Amino acid sequence: MGNTKHTGPIKLNTAPKPSLWAGLSPMGLGKVKPHHLRDTLKVAWDNKDNLPYAYKILTQGVCDGCALGVSGLYDQTLTGPHLCTTRLNVLRLNTAPAIDEKWLADIEKMKELNSSQLRELGRIPFPLSRKKGENKFTRISWDEALNRIAAKIKSIDPKQLAFYLTSRGITNEVYYTAAKVARFIGTNNIDNASRICHSPSKTALKRSLGIGAASCNYKDWIGTDVLVFWGSVAANNQPVSTKYMYAAKKAGTKIIMINPYREPAMENYWIPSIAESALFGTKIVDDVYQVNIGGDIAFMNGVMKHWIEMESIEPGSAIDHQFIQAHTNGFSKLKNHLKNQDWKLLEQSSGLSYARIVEFAELLAKSKSGIFIWSMGLTQHRFATDNISQVANLAMLRGFIGREHCGVMPIRGHSGVQGSGEMGADPFVLPGSDFDESNAKRIEKIWGFHIPKWQGDTVGQMLENLMLPNEHERKVKLFYTSGGNFLETMPNPSFIKEALENAEIRVHQDIIFNTSTLVEAKEEVIVLPAMTRYEQPGGGTSTSTERMVYFSPEIEGPRIEEARSEWEIYIDLAARVLPEKKDKIHFNHAKEIRDEIAKANPNYDGIQHLKNRGDVFQWGGAWLCEGGICPTTDGKGNLLAIDIPELRKTEGHFFVTSRRGKQFNSMIYHEEDPFNGAGRYDIIMNEMDAERLSIQAKDNIVAYNQYGTFQGKAKFEKIKSGNIALYWPEGNILIPKGVVDQYAKIPEYNTTVIIEKAEIFHAHKDKKYVEKRIEALDISIG
């Protein structure tokens with residue numbers, strides 16, 4: 001895809017620049033901000049029983065936090081050590097001892113704990129079984145566990161079997177083996193955690209540019225003219241990236257944030273490893289465009305419409321015609337579509353004035369380079385794929401593709417997730433390409449067995465299919481999950497609990513317990529103890545956001561005696577399901593898996609050579625679509641005309657979105673958000689909206705719709721009027737199930753609600769009152 005190689009990390013410019021300081025208060029004294037030193041000391045205390053091992057993980061292993069790609073303490077962007085509290089918080093998953101067996105004898109007692117408290121109990125020690133009606137887990141052997149699972153698989157139709165893999169520390173080797181085993185057994189029902197985060201990014205980039213990953217590097221941030229964070233709070237979710245932002249600011253880059261909420265973490269940040277920033281903080285963003293929730297397509301249509309208008313006055317003032325003519329399709333259709341856009345509707349939908357849209361459009365038009373970065377603010381919508389194709393439209397129209405300091409980047413929140421689809425753990429793909437006839441034949445030659453050709457289901461469909469009648473061919477009867485907690489990640493948790501209970505057998509292959517592990521099944525719940533990535537014999541690899549494939553070695557240290565490498569578990573299970581063909585699925589060593597990955601996915605040719613700590617290569621070269629040449633059928637990108645989604649809500653009602661606090665995915669580490677002081681049940685709202693409802697700060701208020709009721713306290717922040725934010729996953733109770741993006745099948749995580757003071761709501765809480773109040777509530781928003 002590209003010939004230019006990444007040139008390695010550069011030295012950080014740490015010369016003081018007072019104009020970037022957040023203030024003169026030393027260490028941010030008196031500010032609401034993270035306390036990195038205190039948090040680091042707490043992590044050291046939590047790991048005091050295994051400090052030498054914890055140190056080895058930090059200095060020898062590849063980060064199992066976000067997907068920036070820190071190997072040991074170093075990365076490919078900036079020289080010098082990098083460490084953040086996100087990685088430190090996850091550390092205990094790797095160093096914790098086994099759970100005290102007394103807990104296993106009383107599941108009702110365990111149910112009194114939340115997932116954070118369950119995590120603190122320790123690791124899963126050995127295979128466990130819980131039969132229907134039992135209030136305890138019973139220890140069983142590995143043979144018993146896998147034989148029971150295999151017997152169930154043999155007794156059902158392959159379409160009634162489903163696999164899911166979370167991103168928790170899972171390596172490329174595990175994803176690949178799981179993908180191969182699922183097809184070997186006969187099912188295409190296999191999905192992964194990217195379904196609920198970045199599946200629309202891959203889908204949209206594939207149709208727009210022919211790629212399924214970031215087109216550029218983190219290093220390209222430093223020196224680009226404009227860096228746009230769209231629905232992404234990298235300072236919170238990928239803290240080390242603040243060093244890249246700091247370096248970019250020093251190089252003269254303008255940083256723009258587009259978000260309904262003026263995220264404090266992106267406005268000012270105290271970077272602990274840079275003396276100047278640790279003392280006085282750093283102003284990160286130069287400007288913030290507060291769009292309505294779901295208003296991004298209208299905003300981008302407005303930007304492009306203004307570019308067309310600029311071009312009519314001065315050709316070449318906004319659009320890179322040379323790039324468009326040589327490297328894209330669809331410009332004429334897009335141009336006509338934009339001309340027909342109504343400015344009044346664009347303003348109303350986006351929530352931004354004509355003047356502000358024009359201001360952003362002209363900033364981009366004057367920029368010679370630019371990078372667009374996004375996350376769940378763009379992807380967790382029913383029109384998410386269209387959101388991302390709009391970003392690709394902007395990049396192509398400006399020629400910001402395939403060259404230094406330019407590109408599109410869906411920034412990953414977990415170090416394991418980029419490789420999941422690339423390894424084939426996805427119902428729509430096989431290793432190396434889409435799940436089509438040509439690729440299936442190619443993979444069958446490599447694997448040596450037939451691959452079922454029917455379309456597999458996504459995780460959302462799997463959960464729905466748990467509720468089908470027993471005689472239905474798609475009724476999921478055995479649900480096998482490697483990590484994950486659907487009760488705390490999917491919309492409508494009450495439905496999810498009911499669905500999980502409808503599995504005949506549920507298998508939880510994991511490191512720790514969470515609330516979903518404790519949900520009963522019709523016949524049996526089997527729990528299998530997994531190794532962490534640092535315990536896997538032969539090491540493992542993970543792929544970062546910028547397509548760097550890192551080798552993480554096995555690290556010597558304490559072990560959970562009966563925990564097994566996840567790829568070995570899958571192979572052992574497959575051999576018991578089809579013992580007569582087990583030679584087709586067997587691997588003796590992790591290196592053999594990497595050797596096969598290199599053949600199955602040509603982009604990963606090079607993974608077979610990774611064997612030592614620090615080994616890394618980048619697939620695709622420094623820039624995908626280098627020189628504007630895209631890996632599409634004709635080598636060109638596709639400009640797409642995208643319609644504004646219908647975003648209706650009754651006057652006085654609110655758009656709702658979710659927000660992350662002191663957490664890593666669904667794992668919550670603190671009840672208070674260190675960036676704004678909010679609690680997990682605070683409802684973030686605009687003060688002027690609250691005034692119209694006679695709501696005061698800290699008042700008990702209720703947000704409700706036909707899906708659920710959420711009670712919390714009013715927290716006034718700089719959020720766009722008419723919009724509110726709730727913490728995820730607590731706010732999932734308000735999100736409807738079954739609303740998904742038509743292309744990527746990601747669930748919708750936004751809705752509309754009524755807000756009332758709690759005293760008013762509870763005074764009229766009879767059903768007729770609630771039903772009457774929500775009659776006009778339109779939930780067809782994004």
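**Ile371 and its strand.** I started at Ile371, which sits opposite Gly407 in E12. This is a predicted model, so I kept in mind that every position I read off is a computed one. I then looked at the strands around that pair: E11 (residues 370-374) and E12 run parallel and are joined by 4 bridges.

**The sheet around it.** I traced the rest of the sheet next. It is open, has 5 strands in the order E9-E6-E5-E11-E12, and its pairing is parallel. Which strands stand at the edges? They are E9 (287-289) and E12 (407-410); each has a single partner strand, so one side of each lacks a neighbour in the sheet. I also looked up the twist: on average, neighbouring strands here are turned by 20 degrees against each other, direction ignored.

**Helices on that sheet.** I followed H14 first. It lies across E5 (226-230), E6 (254-258) and E9, and runs at about 150 degrees to E5. H18 packs on the sheet too, touching E5, E6, E9 and E11, with its direction at about 125 degrees to that of E9.

**H14 against H18.** With both helices on the sheet, I checked how they meet. The axes of H14 (residues 296-313) and H18 (residues 354-366) come within 9 Å and cross at roughly 65 degrees. That puts H14 roughly perpendicular to H18, because angles of 65 to 115 degrees count as such. The crossing in which H14 passes H18 is right-handed. From H14 I noted Phe299, Gly302, Val303, His306, Trp307, Glu309 and Met310 in the contact; from H18 come Tyr354, Ile357, Val358, Phe360, Ala361, Glu362, Leu364 and Ala365. By class, I get 11 nonpolar, 2 polar and 2 charged residues in the contact of H14 with H18.

**H14 against H20.** H14 has another helix to deal with. Its axis and that of H20 (residues 384-398) come within 9 Å and cross at roughly 20 degrees. I put H14 down as roughly parallel to H20, since the limit for that is under 35 degrees. The crossing of H14 and H20 is left-handed. H14 brings Asp296, Ile297, Met300, Asn301, Val303, Met304 and Trp307 to this contact, and H20 brings Asp386, Asn387, Gln390, Val391, Asn393, Leu394, Leu397 and Arg398. I sorted the residues of the H14 contact with H20 into 8 nonpolar, 4 polar and 3 charged. Val303 and Trp307 turn up in the H18 list and again in the H20 list.

**A second sheet.** I moved on to an open sheet of 7 strands, ordered E2-E1-E17-E16-E15-E3-E4, with mixed pairing. Its edge strands are E2 (138-139) and E4 (190-192), each pairing on one side only. I zoomed in on E15 (residues 478-482) and E16 (residues 505-510), which pair in the parallel sense over 5 bridges. There I found Ser482 opposite Gln509 in E16.

**Helices on the second sheet.** H8 (residues 172-185) lies across E3 (161-165) and E4, at about 175 degrees to E3. H25 (residues 566-577) packs on the sheet as well and touches E3, E15, E16 and E17 (524-529); its direction makes about 155 degrees with that of E15.

**H8 against H26.** The axes of H8 and H26 (residues 590-600) come within 10 Å and cross at roughly 70 degrees. I logged H8 as roughly perpendicular to H26. Asn172, Glu173, Tyr176, Thr177 and Lys180 in H8 meet Ala590, Ile593, Arg594, Glu596, Ile597 and Ala600 in H26. The contact of H8 with H26 divides into 5 nonpolar, 2 polar and 4 charged residues.

**What the record says.** I checked UniProt, where an unreviewed entry lists "domain: Molybdopterin oxidoreductase" for residues 123-575. I get 40% helix and 16% strand for that span, with its end C-alpha atoms 27 Å apart. UniProt also gives "domain: Molybdopterin dinucleotide-binding" for residues 655-752, again from an unreviewed entry. Residues 655-752 come out as 6% helix and 36% strand, and the end C-alpha atoms are 5 Å apart.

**Backbone oddities.** Most peptide bonds are trans, and most residues other than glycine have a negative phi. Which two residues does a cis peptide bond join? They are Trp728 and Pro729, with omega about 20 degrees. I placed Pro729 in the loop between E28 (723-727) and E29 (751-757). Met27 is a non-glycine residue with a positive phi, near 60 degrees. I found Met27 in the segment before H1 (36-46).

Technical notes:
Residues numbered from 1 in each chain as written. Predicted model: local features only at pLDDT ≥ 70, side-chain atom pairs only at ≥ 80, totals over all residues. Heavy atoms only, no water. Axes fitted to C-alpha atoms, helices over the stretch in contact; angles between N-to-C directions. Helix = DSSP H or I, 4+ residues; strand = E, 2+ residues; numbered from the N terminus. Parallel < 35°, antiparallel > 145°, perpendicular 65-115°, else oblique. Left-handed = near helix turned anticlockwise from the far one by under 90°. Contact = heavy atoms within 4.5 Å. Nonpolar A, V, L, I, M, F, W, Y, C, P; charged D, E, K, R; others polar. Pairing = 2+ DSSP bridges. UniProt positions renumbered as here; feature names shortened; annotations may be inferred.
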